[in-house]
Amino acid sequence: MISAAPAAALEQNCRFIQAKPDREACYKRQEEELAERRKPAAPTGESKTLETLRQMRQDDDAVYRSINNICRGC
């Protein structure tokens with residue numbers, strides 16, 4: 001709902017443009033802007049690296065917990 005409000009406000013601005021070519025150009029710009037906003041951000045190499053490191057840390061923590069449960073007093 002929050003993202004729909006700005007789009008509605010933009011649409012109102014285009015609606016009141018009297019010249020048809022200008023109004024159509026306004027609507028076209030709106031469509032392009034909305035399409036850009038809806039595109040998911042492309043994952044970068046850095047974000048993949050951070051995700052891999054986070055997963056490795058979770059795996060390490062799981063291994064350490066299992067070792068601590070097995071070797072009491074070793």
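Met-56 belongs to helix 3, the segment that covers residues 45-70. In this predicted model, the relative accessible area of Met-56 is 46%, so the residue is classed as partly exposed. Met-56 also takes part in a nonpolar surface patch, in which its partners are Leu-50 and Leu-53. Together, these three residues present about 300 Å² of accessible area.

Helix 3 also carries a salt bridge, formed by the side chains of Glu-51 and Arg-54. The N to O distance in this pair is 2.4 Å. Why are Glu-51 and Arg-54 separated by about one helical turn? The two residues are 3 residues apart in helix 3, and therefore about one turn of the helix lies between them. Glu-51 has a relative accessible area of 40% and is accordingly partly exposed. Arg-54 is likewise partly exposed, at 40% relative accessibility.

From this helix the view can be widened to the whole chain. The protein chain contains 3 helices and 0 strands. Followed along the sequence, these elements give the pattern α-α-α. The protein chain has 74 residues, and 4% of them are buried. Its accessible surface comes to about 6900 Å². Carbon and sulfur atoms account for 57% of that surface.

The next feature is a covalent link between two helices. The structure holds 1 disulfide, and this bond joins Cys-14 to Cys-26, with an S to S distance of 1.7 Å. Cys-14 is located in helix 1 (residues 4-15), whereas Cys-26 is located in helix 2 (residues 20-38), so the pair ties together parts that are 12 residues apart in sequence. The torsion about the S-S bond is about -65°, which means that the disulfide is left-handed.

Are the two cysteines buried or exposed? A residue counts as buried when its relative accessible area is under 20%. Cys-14 has a relative accessible area of 0% and is therefore buried. Cys-26, at 10% relative accessibility, counts as buried as well.

Charged side chains supply a further set of contacts. Side chains of opposite charge can pair when their charged atoms come close. How many salt bridges does the structure hold? There are 3 salt bridges in the structure, and the pair of Glu-51 and Arg-54, described above, is one of them.

Another salt bridge links Lys-20 with Glu-24, and the closest N and O atoms of this pair are 3.9 Å apart. Both residues lie in helix 2, where a spacing of 4 residues places them about one turn of the helix apart. The relative accessibility of Glu-24 is 45%, so this residue counts as partly exposed.

Helix 2 also contains Glu-33 and Arg-37, which are again 4 residues apart, or about one turn of the helix. Their side chains meet in a salt bridge, with an N to O distance of 3.9 Å. Glu-33 is partly exposed because its relative accessible area of 37% falls between the limits of 20% and 50%.

Helix 2 can thus be read through several features. Cys-26 in this helix connects to Cys-14 of helix 1 through the disulfide. Helix 2 also includes the salt-bridged residues Lys-20 and Glu-24, together with the paired residues Glu-33 and Arg-37. In helix 3, the reader can locate the salt bridge of Glu-51 and Arg-54, and then Met-56, which belongs to the nonpolar patch with Leu-50 and Leu-53.

Terms used. Residues numbered from 1 in each chain as written. Predicted model: local features only at pLDDT ≥ 70, side-chain atom pairs only at ≥ 80, totals over all residues. Heavy atoms only, no water. Buried < 20%, exposed > 50% of the residue type's maximum accessible area, 1.4 Å probe, protein only. Areas by Shrake-Rupley, 256 points an atom, 1.4 Å probe, with all protein chains shown as cover. Patch = residues over 30% accessible without salt bridge, like charges linked within 9 Å, V, L, I, M, F, W, Y side chains within 5 Å. Salt bridge = Lys/Arg side-chain N within 4 Å of Asp/Glu carboxyl O. Disulfide = S-S within 2.5 Å.
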